[in-house]
Protein chains: 2
Amino acid sequence: MRRAVTLLDVARAANVSKTTVSNVFSWPERVRPALRARIEAVARELHYAGPDPKGRMLSSGKVNAIGVVPIGNFGITLFFTHEYGNAFLGGVAHTCEERGVGLSLVSGRANEWGINDALVDGFIFESAEQIDLIEPARRRRLPVVVSGVAGPDITSITIENRKGAREVTRHLLELGHRRFVIASVMWQFVPPVFHPPTGAPRQFVAVGPPILERMAGVADALAEFGLSFDDMPVMEGCGTPEEEAAFGNGPGMALDLAPEATAVIALNDGVALNIIEQAKKRGLSVPRDLSVVGFDDVAGAARSEPPLTTVHHSAFENGRLAASLLLDGGPPRHVVMPVKLVVRASTAPPRK
Amino acid sequence: MRRAVTLLDVARAANVSKTTVSNVFSWPERVRPALRARIEAVARELHYAGPDPKGRMLSSGKVNAIGVVPIGNFGITLFFTHEYGNAFLGGVAHTCEERGVGLSLVSGRANEWGINDALVDGFIFESAEQIDLIEPARRRRLPVVVSGVAGPDITSITIENRKGAREVTRHLLELGHRRFVIASVMWQFVPPVFHPPTGAPRQFVAVGPPILERMAGVADALAEFGLSFDDMPVMEGCGTPEEEAAFGNGPGMALDLAPEATAVIALNDGVALNIIEQAKKRGLSVPRDLSVVGFDDVAGAARSEPPLTTVHHSAFENGRLAASLLLDGGPPRHVVMPVKLVVRASTAPPRK
DNA sequence: GACGTTTTTTGAACCGGTCCGAATCGTGAT
DNA sequence: ATCACGATTCGGACCGGTTCAAAAAACGTC
C-alpha cells in the first residue's frame, strides 16, 4: 500500500494552500463555492478520504474518546466474562453513543495496551481496588472517574452498600431469623476461610471496601435487634468452579460449618446462588429450611429456583453516570447511587 | 489545568536535546547511565508522565488499536443488547489482549464517532449487511475484516450456514418429518409476512445473505428426500416483544397458518425459542406434537424447556479469528468456520 | 477610477513526539 | 601527546492536520 494521500497533496494538486483545503472539509462555508467544488473534485480524483483523524487529534489535543478500565488486575476480557462488567460497560457505551464520543477498552494489566498508551481524553475505572492504576492516569493529567471508593479529589460513584445490607438483613430479622451465617466474597484467588464467631472484630482475608461496607450494614441491622456481627460466623469464599476445583466450595463449607444458621446473608448474588445450589445438594429446602439473601440483583437472581431476595442496583446506570460525569468534567464529585431491597421467594420465617 | 509538560520542557530543563530525553524513555540503553539518571530526575521533578501517546502515534503513523463496528445501522450499544454481538466482541477483545492491541468501539451510524473519526489501524465489521459502511473504511486505506459475506477483495469470515441448515433439516427428515414450516428472521423492523407454498421460488421481504444460505441448506436436504422448498410455507418474523407490540407475533402466526406442519425449521435460535413458547401457549407439547429446531446455539438454547436442537457455531471464535486476521494482515482471505449439529430434546419423530 | 470594507486565501507556527545522519565525546593504542 | 574508533548526543526534518494574523482579492460607493 503506497503512502496515503494527505491534505498537502490535495493542496498542491489544486494549486491552493493547505489551509484552504482544510477549510473545504472543516469549514466549507468559508470557501467560495466555485473553488470549493474544484478542490472537492481534485480530492475525489486523488481518492483523498478527508482529514485524517490522527492529524486533527494532534493539533486539537483532543482524541474525542474515553477509555474504560476493567476491575482489578485483569484484562479487558473481563468485560465479557463478568455480568457486572458487561452491564457497566453497556451503560458507558450508551452515554458515549448519546454524546458521539468514542469508547476504548483499556487493559488494567501492565505491559499491554494500557493506561499509558491509550489514546483517550479520560478514563473510567470500573473499580477503585487498584489505586496504583489510577495514578498513571492522573499523571497523564487526564480526568478520571472511578466506580468505587476513591480519594476526595477523584470523582467517584458508589452505591449504598451499607444501607442495602442493612435493609436486607433487617428483612431477615423481621421474619424472625436470629442465627445467621455471613457468606462473603473474596476478590483474590485464595482458599476459602471460615471465621467462627469470637465476640470480637475479626481480620478478614480478602475483602475490598464495598464488601466491608456491606458487612457494616449487616452489623447495623443486627445491632438494632440487639445482636452482634462478631457473634455470627463468616465464611469467605466465592464458590466459583475454579475455586471449587482448587480448594473446595466455600459456600458449601459455610453450610457445613454453621449448621445452626437459619439464614445465609451472602454479600453478593453469585455467592447467594451458590448457597442455594449447595443447600439443595444437602437436601435443604430454600426458603423452608434455610433463607438466603444476596446483593446486586444480577440477571440470574430473578430466574433462580427459588427467585432470590436481594438488593437491587444497576451496573448499567452506574456506567451511564460514570461516562456522563467524565464527559461533563468539572470539579471532583462523589455520587452515591440508591439501592432497593427486592423481596422474592428465597426468604421466609425460620422453621419452628 | 495548565499546559501539560512536554518532552521539550524536560529537555530544556535538563539542558539536553529532545532526542536524548526521548531515548531515555524509549531506548534507555542508548543513553549513559549518569545522564539518564539526571534526566529521569528532572522529568520526575517536572511531573512529566512519559511520552504522550498522541505524539508517538503521529510520527509512527500507528495507533496500535483496532475498531469494531456493530452489525447494521445501530450504535455500539448493540454489543450489549445482543448476545451474538457481545460474544463476538468478547472474542475480539480476547485476541486484542493477547497481542497487546487496543480496542475501540465504533458506531455504524453516521454523525457519530464513526468510521471516519476513529483512531484505529483497522476495522472489524460484525456483519456485511451494510456495505456502505465498509467503503469509508477502505477509503481511509485501513485494513478491514468482515464477519459475513463480502466481496473477494475483502477478508471475511463466514460460517457454514448452508451445511448447518442442511444437517439440521436432514435430522428432522430422518426422524420421519415431511411437513414443515420454515420460520425465518427479518433484519428490518417490518410486519411479519407469511408465504404460502407456491411450488415456485418466492420473493422474501427481509432476508440477508446468511439467511438465504440457510434456506438453501434447507432446500438441499429437502431435495435429498424428494421434497421441494417451494412446497413448504415460510413465515418471516422475529417474535421480539417490539414486533409483537407493533404487528403481532410472527412465530405464533406461523403455527396458526401452517397447522399441518409436524416440525418447525427456525432459521435462528431466537425464533426457535419463540416458537416453543408460542406452541406451549397453544397447548402443543414440544417435541411430542411439534418438533422445533434452531440455528446458532445461543446460550438460552441449552436452557430452554425442552432444550433446543440446533446448529452450533461460536460467535466468540468468530471474533477471535476476525481480530487475528486483521492484525496479521496479508492478502484478502475468506475463512469459513465450521458448524456442528447439536441434538437436544426439542426434536422427536412426528406423532402418528 | 480611487478608496474603504468585507470576504477569501495564504504562510507560518504549532501540536508532541520519533528518527536519521552528522557532530562530539571518551577511551585505548601507538 | 596524537590518532582512530566506537559510544553518545545533537539538530533538524517529519508525521498530518488546525489556527491565527496578515495579505490579497472582491465588492460597493462616491
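Asp296(B) is buried, with a relative accessible area of 16%; here buried means under 20%, exposed over 50% and partly exposed in between, using a 1.4 Å probe on protein chains only. This is a predicted model, in which local features need pLDDT of at least 70, side-chain atom pairs count only at pLDDT 80 or more, and totals for chains, interfaces and linings use all residues. Residues are numbered from 1 along each chain as its sequence is written, chains are lettered from A and ligands numbered from 1 in the order in which they are written, and side-chain values use heavy atoms, with hydrogens and water left out.

Back to Asp296(B): its phi is near 125°, a positive value in a residue other than glycine. Asp296(B) sits in the loop between E10 and helix H13 (299–303) of chain B; helices (H or I, at least four residues) and strands (E, at least two) are DSSP runs, numbered from the N terminus. Asn64(B) also has a positive phi, near 65°, and is not a glycine either. Its home is the loop between H4 and E1 of chain B, and with a relative accessible area of 35% Asn64(B) is partly exposed.

Next come the cis peptide bonds. In chain A, the bond from Val286(A) to Pro287(A) is cis, with omega near 10°, and Pro287(A) belongs to the loop between helix H12 (269–281) and strand E10 (291–293). In chain B, the bond from Val286(B) to Pro287(B) is cis too, with omega near 5°.

How do the two chains relate? A rotation of 180°, with 0.1 Å of shift along its axis, puts chain B on chain A with an RMSD of 0.1 Å; the fit is by least squares on the C-alpha atoms of residues with pLDDT of at least 70 in both copies. That is the relation of a two-fold axis. In chain B, the residue closest to this axis is Ser104(B), with its C-alpha at 2.1 Å. The copies meet through the same surface, because 100% of the interface residues of chain B are also interface residues in chain A.

Then there is the DNA. Of the 23 residues around strand C, the ones that come nearest are Thr19(A), Thr20(A), Arg32(A), Leu7(B) and Ser22(B), where being near takes a heavy atom within 4 Å. Sugar and phosphate make up 56% of the DNA strand C atoms that come within 4 Å of the protein. A backbone N or O atom of Leu7(B) is 2.8 Å from a phosphate oxygen of DNA strand C, while a side-chain N or O atom of Tyr48(B) is 3.1 Å from a phosphate oxygen of that strand. Gly55(B) instead has a backbone N or O atom 3.4 Å from a base nitrogen of DNA strand C. Helices H2 (18–26) and H4 (53–60) of chain A and helices H2 (18–26) and H4 (53–60) of chain B each give at least two residues to this surface.

Finally, helix H14 (residues 315–328) of chain B has 14 residues, which at 1.5 Å a residue should span 20 Å, and its end C-alpha atoms are indeed 20 Å apart; the expected span is 1.5 Å times one less than the number of residues. Among the buried residues of H14(B) are Ala315(B), Asn318(B), Ala322(B) and Leu326(B). Their cover includes strand E1 (65–69) and helix H6 (83–99) of chain B. Just after H14(B), Gly329(B) takes a positive phi of about 70°.

Methods:
A polar contact is a pair of N or O atoms within 3.5 Å; within protein, one must be able to donate a hydrogen and the other to accept it, and residues adjacent in sequence count only if both atoms are side-chain atoms. Contact means heavy atoms within 4.5 Å.
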